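Me: Could you take a close look at one part of this protein for me and then follow the chain outward from there? I'm new to this, so please go through it step by step.

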Amino acid sequence: MSTYIKPLEIRWSDLDPNFHLRHSVYYDFGAYVRVSFLGEHGLTPSFMIKHQFGPILFREECVFRRELKMGDTITIDVQLLRTRPDFSRWSIQHNIRKNGDEIAAILTVDGAWMDVVQRKLTVPPDTVKHVFEKMPKAEQFAWDK
């Protein structure tokens, strides 16, 4: 898959007192598009519950480039930035664009999979490998050791 992009709408409740997007909404947008991608490719919440694992985040960082305001046309993508070969740990990047191709923010998350019964990091089922192989790769994609 070469791209995965979702359109977004700014709601009144997404705005701060300066009438631009609250910083926490950027992180909500990233979670929305990651979960959408996973779900559309078979990694649904019910699949994860059945197999007793789920994603966790170690780090979430957003670099803000341009403000987003009510009325802007917004899209967000998902790209695999790096991963271990067993897909147990990974980094995903999102480019949030406004009004076409202008980068408004770059969101990066580092995460892993956790066994929800043992509450420990785990290597995920093979289904995760197949889904992550379909995820678009960032231009600077790299394999971790």
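Reply: Pro45 counts as exposed, because its relative accessibility is 54% and exposed means over 50%. Please keep in mind that this is a predicted model. Pro45 belongs to helix H2, which covers residues 45-51. Now look back along the chain to Val35, which is 10 residues away from Pro45, with 8.9 Å between the two C-alpha atoms. Between these two residues you pass Gly42, which follows helix H1 and has a positive phi, near 100°.

That brings us to H1 itself. Helix H1 takes in residues 23-40, and you can check its length with a simple rule: at 1.5 Å a residue, its 18 residues should span 26 Å. The C-alpha atoms at its ends are 27 Å apart, so the model agrees with the rule. Which residues of H1 are buried? They are Val25, Tyr26, Phe29, Gly30, Val33, Arg34, Ser36, Phe37 and Leu38. As you read that list, a general point about helices is handy: an α-helix has 3.6 residues a turn, so residues three or four places apart point the same way. Try it on the pair Tyr26 and Gly30, or on Phe29 and Val33, which are all among the buried residues.

What do the buried residues of H1 pack against? Their partners include strands from several parts of the chain: E1 (5-8), E2 (53-64), E3 (74-77), E5 (89-98) and E6 (102-115). Helix H3 (126-134) is a partner as well.

Let's follow one of those strands. Phe64 sits in strand E2 and is partly exposed, since its relative accessibility is 43%. Setting aside residues up to four places away in sequence, Phe64 touches His23, Tyr26, Ala104 and Ala105. Tyr26 is a name you have already met, as one of the buried residues of H1. Phe64 also shows how folding brings distant positions together: Ile103 is 39 residues away in sequence, but the two C-alpha atoms are 8.8 Å apart in space.

Leu121 tells a similar story from strand E7. With 42% relative accessibility, Leu121 is partly exposed. Leu121 and Gly54 are separated by 67 residues in sequence, and by 9.6 Å from C-alpha to C-alpha. Beyond its neighbours within four places, Leu121 is in contact with Ile56, Phe58, Arg89, Ala112, Trp113 and Met114.

Further along comes Phe141, in strand E8 (residues 137-143). Phe141 has 21% relative accessibility, so it counts as partly exposed; the cut-off for buried is under 20%. Without its neighbours within four places in sequence, Phe141 has contacts with Leu80, Leu81, Arg82 and Thr83. Leu80 and Phe141 are 61 residues apart in sequence, with 6.7 Å between their C-alpha atoms.

Two loop residues deserve a stop on the way. A useful general point comes before them: most residues other than glycine have a negative phi. Phe87 is not a glycine, yet its phi is positive, about 60°. You can find Phe87 in the loop between strand E4 (79-83) and E5. Arg119 has a positive phi too, near 60°, and lies in the loop between E6 and strand E7 (120-121). Are these two buried or exposed? Phe87 is buried, with a relative accessible area of 2%, whereas Arg119 is exposed, at 54%.

Finally, step back to the whole chain. The protein chain has three helices and eight strands, and from the N terminus they run β-α-α-β-β-β-β-β-β-α-β. Of the contacts with a separation of 6 or more, 69% join residues 24 or more positions apart. For 145 residues, a compact globule would have a radius of gyration near 15 Å, and the chain has 16 Å, which agrees. The C-alpha trace spans about 45 × 30 × 25 Å along its principal axes. Buried residues make up 43% of the 145. The chain exposes about 8,200 Å², with carbon and sulfur atoms supplying 52% of that area. As for charge, there are 20 positive and 19 negative charges, and their mean positions lie 5 Å apart.

Notes. Residues numbered from 1 in each chain as written. Predicted model: local features only at pLDDT ≥ 70, side-chain atom pairs only at ≥ 80, totals over all residues. Heavy atoms only, no water. Helix = DSSP H or I, 4+ residues; strand = E, 2+ residues; numbered from the N terminus. Rg over C-alpha atoms; globule rule 2.2 N^0.38 Å. Buried < 20%, exposed > 50% of the residue type's maximum accessible area, 1.4 Å probe, protein only. Contact = heavy atoms within 4.5 Å. Areas by Shrake-Rupley, 256 points an atom, 1.4 Å probe, with all protein chains shown as cover. Lys, Arg positive; Asp, Glu negative; His and termini not counted. Charge placed at Lys NZ, Arg CZ, Asp CG, Glu CD. Expected span 1.5 Å × (residues − 1).
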